[in-house]
Amino acid sequence: MKRIQKSICLGLGLSVFASSGCGGGRGDGKLSPQEMTDTLFAVISANREAYATAVVDRLQYQEQIMEAKEHFREEKALPLPAQMLRMSAETINQNKDALFSYALLSPWPLNKQNGPRTESEKVGLRKVAETGKSHYTEETIGGRTYFSAYYPDKGVVEACVKCHNDHPDSPRKDFRVGDILGGIVIRVRIDE
């Protein structure tokens, strides 16, 4: 766990963790798995919301310069906020030494690969959808033990909701701004 904490501190900057253990805070230099996943979620959420509001919402709806589209490469458009999150998650997953991973999943996926695959994912997504609160658990995958955290993923701007409601493959068409569209799962290895 200490290796995880050190990697995160070095990768994101000491000031982000000053109160949680990277040279400050409790003084033991360690983060609990929940503190780690909560902090990672805060960074992932801030990046996604900034992209959705400062880039997609501004360029597509306010200034009407460029649209965000599902097939952004082929149509020379902006990637959707969910696609940006997925691309960054895939970049982390390419690092075989990464001690954490994350994914955007939904009980109502537009793309079938973003649906729950494990029992833990089904339970975690159901709990965040029902309560609007985070859900924490431990699970074993491929012989390794993980602390898994599930966070509600809300439609923060009209663009998010419109995409989900208008998509031909959407199993649900009644989302409103602020509704939970799915969940972000963050897994941190705890079997070291």
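Among contacts in the protein between residues at least 6 apart in sequence, 54% join residues at least 24 apart. This value, like those that follow, belongs to a predicted model. The chain has 192 residues, of which 42% count as buried. The surface that the protein exposes comes to about 10600 Å², with carbon and sulfur atoms supplying 51% of that area.

The secondary structure is made up of 5 helices and 4 strands. Followed along the sequence, these elements come in the order α-α-α-β-α-β-β-α-β. With this order in hand, the interior is a good place to begin.

In soluble globular proteins, nonpolar side chains tend to be buried together. Here, the largest nonpolar core contains 16 residues, and those with the most contacts inside it are Ile44, Leu85, Tyr102, Ile184 and Ile186. Helix H2 (33–62), helix H3 (81–94), strand E1 (100–105), strand E3 (144–154) and strand E4 (180–189) each contribute at least two residues to this core. The element that gives the most is H2, with 4 residues.

What does isoleucine 186 touch, if residues up to four places away in sequence are not counted? Its partners are Thr37, Leu40, Phe41, Ile44, Ser101, Tyr102, Phe147, Ser148, Ala149 and Tyr151. A second, separate core has 13 residues, including Ala52, Ala68, Val157 and Val161.

Two residues of helix H2 can be followed in more detail. Threonine 37 is found in this helix. Is threonine 37 buried or exposed? Its relative accessibility is 0%, so threonine 37 counts as buried. Once neighbours within four places in sequence are left aside, threonine 37 is in contact with Tyr136, Phe147, Ala149, Tyr151, Ile186 and Val188. The contact with Ile186 appears from the other side too, as Thr37 is among the residues that isoleucine 186 touches.

Valine 56 also has its place in helix H2. At 2% relative accessibility, valine 56 counts as buried, because buried means under 20%. Leaving aside neighbours within four places in sequence, the contacts of valine 56 are Tyr51, Tyr61, Ala68, Leu78, Pro79, Pro81 and Ala159. One of these, Ala68, is included in the second core. How far apart in space are valine 56 and cysteine 160? These residues are 104 residues apart in sequence, and 9.8 Å separates them in space, C-alpha to C-alpha.

Strand E3 offers a contrasting case in arginine 144, which has its place there. Arginine 144 has a relative accessibility of 36% and therefore counts as partly exposed. When neighbours within four places in sequence are set aside, arginine 144 is in contact with Glu139, Arg189 and Asp191. Arginine 144 and isoleucine 190 lie 46 residues apart along the chain, with their C-alpha atoms separated by 8.1 Å.

Attention can now turn from the filled interior to empty space. Rolling a probe the size of a water molecule over the atoms shows where empty space is left. The largest pocket has a volume of about 960 Å³. It is lined by 40 residues, and the closest to its centre are Ala82, Gln83, Arg86, Leu104 and Asn114.

Which elements each supply at least two residues of this lining? They are H3, E1, helix H5 (158–166) and E4. H3 gives the most to the lining of the largest pocket, with 8 residues. By residue type, the lining divides into 18 nonpolar, 12 polar and 10 charged residues. Helix H3, strand E1 and strand E4 also each supply at least two residues of the largest nonpolar core.

Finally, the backbone holds two details worth finding in the structure. Glutamine 64 has a positive phi of about 50 degrees although it is not a glycine. This glutamine has its place in the loop between H2 and H3. With a relative accessible area of 64%, glutamine 64 is exposed.

Lysine 76 is placed in the loop between H2 and H3 as well. Its phi is near 50 degrees, which is a positive value in a residue other than glycine. Is lysine 76 buried or exposed? Its relative accessible area is 68%, so lysine 76 is exposed.

Terms used
Residues are numbered from 1 along each chain as its sequence is written. This is a predicted model: local features need pLDDT of at least 70, side-chain atom pairs count only at pLDDT 80 or more; totals for chains, interfaces and linings use all residues. Side-chain values use heavy atoms; hydrogens and water are left out. Buried means under 20% relative accessible area, exposed over 50%, partly exposed in between (1.4 Å probe, protein chains only). Contact means heavy atoms within 4.5 Å. Accessible areas come from the Shrake-Rupley method with a 1.4 Å probe; for residues, only the protein chains shown count as cover. A nonpolar core is a set of buried Ala, Val, Leu, Ile, Met, Phe, Trp, Tyr and Cys residues joined through side-chain atoms within 4.5 Å. On a 1 Å grid over the protein atoms alone, a cavity is a set of points where a 1.4 Å probe fits but cannot get out, and a pocket is an open set with protein on both sides within 12 Å along at least five of seven lines; lining residues have an atom within 4 Å of a point. Grid points are joined across faces, edges and corners, and a volume is the space filled by probe spheres set on the points. Ala, Val, Leu, Ile, Met, Phe, Trp, Tyr, Cys and Pro count as nonpolar, Asp, Glu, Lys and Arg as charged, and the others, Gly among them, as polar.
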